[in-house]
Amino acid sequence: MKITLMLLAVGVVSGDLFSFKTQPGSTTVEKGKGFTLNCEAENADSAVLYQWYKEPTIPNTHMTVAYSGSDAATSSIKVTLADMSHQGFYQCRAKSAAGELYSQTAQVTLHYFNTVSVSSEEVKISTAIAAVRTALPCELDDDASYPDVSVTWYKDGDVVNDKSTFVVHADGTLKVASLADLSVTANSLVLFNIKDGMAGTYVCKATASSDKISVKTQTVASYTVTVTKAFGDVDYSSPTMITNGQSVTAGESVTLCCGTVGYLNGVIPTYTWYATNGATTAVTDNLGDFNRTMILNSVTGSHSYTCRACLGDNCQSQIVTASVTPSTDAIEFTQEPSTYYLYEEGASEGPLTITCKTSLGEGNWMKDGESVSFPIESPKSSDSGYYQCYASNTDSWVMRSTQVEVTETLSLDMSVPAELDASTPGIITCTISGYPTPSVAVYKTNINNQKEDIEECYDSPATTTNCIRKSGNSYLITVDNESLDSTGTYTCEATQTYRKNSGGTPSR
């Protein structure tokens, strides 16, 4: 049995010659532009009456919902300014004494790219915060365009395509578990490992692919990104470290101190001294203790200086004075500590001891604003930092600073699974420990003896291959076991840098 399905004209025909000379055809038009649908019958026995129908879908039989336009009863529909109400399926009916005919259906599709309201914002990023990363949204309304547009990011006019620094989220499903707090949306640009050179103007542009759309590209968002290095506040609230109005016997020397606390991660403020008489040229002679102190030799009268302490862009000033009195015993250091001490795990024996003596006896020690004492029986890396030895009496105060670095032996272990399953990615694990925190480089030497850097993975769960992701003190290299591109020698290098007591910067 043979079944034939007819999809075009449906109707009752009274004469074999009564037919359509012209039938409407499907068309695609930009919203706001015009279109025409034509329908013309021929060989009618009498005048032809036309009726247009419009429905959102194609019915099983001919259409029954009449088109509401003013030209619905003519042989042509002419629309000069198409909007969304004109989108759908159309059918023409021709009727005469010879019978009635229904034309084929014609679909009218509207393409559009609505005008975008540009979002502009200034973004200030501090590299001293815990998470040095941020997301720049590029948000389009759900009905902003049809078909969908593509998004491209630019930095200072150049296309952003550095995947090791930037990740373009093409859709909302591409998320990184550790970035949930960033609320990453579709088309966002995520900046990782932010550095000074990443400051600039970032622009998100959307481009339509349809050749029916006249305005192809529009700017969606613009960001002016600045990158700063923020440090801790400079705090003058510790009176035990500050002595203004120091007195000294005429002809003797005195040490003026810019007493500040408020370090961040062991960063010492920068100190600059000026004469308080309005001088703009900094004093550079007779400075010590990281420029925190200034020595006045053979004092014969009153002296006043302004000390300016800065942590990054955060600066404060303090006036420090000295004056001559009939008799005052100035404090002197009889045994000063070195500016740097290294305690190496496995190489140093016994407790950590630093000696500091003044004319008043053993000096007092302070670290991070709190009193400490030596010796330290079993030094740990947490004991690293800056220590201050100081002494004071009712008329004077002196201080010296020293840096202590307690190392932990560098260790590195690299493991490969005993068996590699070709159906799932293999993972090579590189585990590193030690203090100071080592810098790590991971690379592959391919079969042509060429060195290839391995990029960081940003997807979750771990499906991307031939990339590296960090977990604690381990680096996990995900390898595609089915790809010849994965063949090679994988190398994990860790470098630990520290100073020696005698100077220099060795690595191990």
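1. Let me start at a turn in the backbone: Asp156 lies in the loop between E14 and strand E15 (158–159). This is a predicted model, and in it the phi of Asp156 is near 50°, a positive value in a residue that isn't glycine. Most residues other than glycine have a negative phi, which is reason enough to flag the spot. As for its surroundings, Asp156 has 46% relative accessibility, so it counts as partly exposed.

2. Asn286 deserves a similar flag. Its phi is near 60°, again a positive value in a residue other than glycine. You'll find Asn286 in the loop between strand E22 (270–275) and strand E23 (287–288). With 43% relative accessibility, Asn286 counts as partly exposed.

3. Before going further, a word on confidence. The mean pLDDT of the chain is 76, with 73% of the residues reaching 70 or more. Two stretches to treat with care are residues 230–244, where the pLDDT is below 50 although the model gives the stretch 51 contacts beyond near neighbours in sequence, and residues 261–266, also below 50, with 19 such contacts. Where pLDDT is low, the predicted coordinates should not be read in detail, so I'd leave those contacts alone.

4. On the overall fold: how many helices and strands does the chain have? The count is zero helices and 41 strands. Of the 508 residues in the chain, 40% are buried. Taking contacts between residues at least 6 apart in sequence, 63% join residues at least 24 apart.

5. Cis peptide bonds next. One runs from Tyr146 to Pro147, with omega near -10°; Pro147 belongs to the loop between strand E13 (145–146) and strand E14 (150–155). Another goes from Phe374 to Pro375, with omega near 5°, and Pro375 is in the loop between E32 and E33. Most peptide bonds are trans, so both are worth a look when you go through the backbone.

6. Phe374 comes up again among the aromatics. A search of the whole structure turns up six aromatic pairs. In one of them, Phe374 and Tyr387 form a tilted pair, 5.4 Å centre to centre and with 50° between the planes. Phe374 lies in the loop between strand E32 (370–372) and strand E33 (385–392), while Tyr387 is in strand E33, so the pair ties together parts that are 13 residues apart in sequence. Both Phe374 and Tyr387 are buried.

7. Another pair to pull up is Tyr53 with Tyr102. Their ring centres are 6.3 Å apart and their planes stand at 40°, so this pair is tilted. Which strands does the pair connect? Tyr53 lies in strand E6 (residues 49–55) and Tyr102 in strand E9 (residues 99–102), so the parts tied together are 49 residues apart in sequence. Tyr53 is buried, as is Tyr102. Elsewhere, Phe35, Tyr67 and Tyr90 form one aromatic cluster.

8. Two lysines sit over tyrosine rings, if you care about cation–ring geometry. The charged end of Lys31 is over the ring of Tyr112, 4.9 Å from its centre. Lys451 lies over the face of Tyr443, at 4.2 Å from the ring centre.

9. Now the largest pocket, which has a volume of about 370 Å³. It is lined by 13 residues, and the closest to its centre are Val440, Ile454, Glu456, Ile468 and Tyr475. Which elements give two or more residues to the lining? They are strand E37 (439–445), strand E38 (451–453) and strand E39 (467–471). E37 provides the largest share, four residues.

10. Last, Ser401, which is in strand E34 (residues 397–406). Is Ser401 buried or exposed? Its relative accessibility is 5%, and the cut-off for buried is under 20%, so Ser401 counts as buried. Leaving out residues up to four places away in sequence, Ser401 touches Asp289, Phe290, Arg292, Ser338, Thr339, Tyr387 and Gln388. Tyr387 in that list also belongs to the tilted pair with Phe374.

Terms used:
Residues numbered from 1 in each chain as written. Predicted model: local features only at pLDDT ≥ 70, side-chain atom pairs only at ≥ 80, totals over all residues. Heavy atoms only, no water. pLDDT = per-residue confidence, 0-100. Contact = heavy atoms within 4.5 Å. Phe/Tyr/Trp six-rings, centres within 6.5 Å; stacked < 30°, edge-to-face > 60°. Buried < 20%, exposed > 50% of the residue type's maximum accessible area, 1.4 Å probe, protein only. Lys NZ or Arg CZ within 6 Å of the ring centre and 35° of its normal. 1 Å grid on protein atoms, 1.4 Å probe; cavity = no way out; pocket = protein on both sides within 12 Å on 5 of 7 lines; lining within 4 Å. Points joined across faces, edges and corners; volume = space filled by probe spheres on them.
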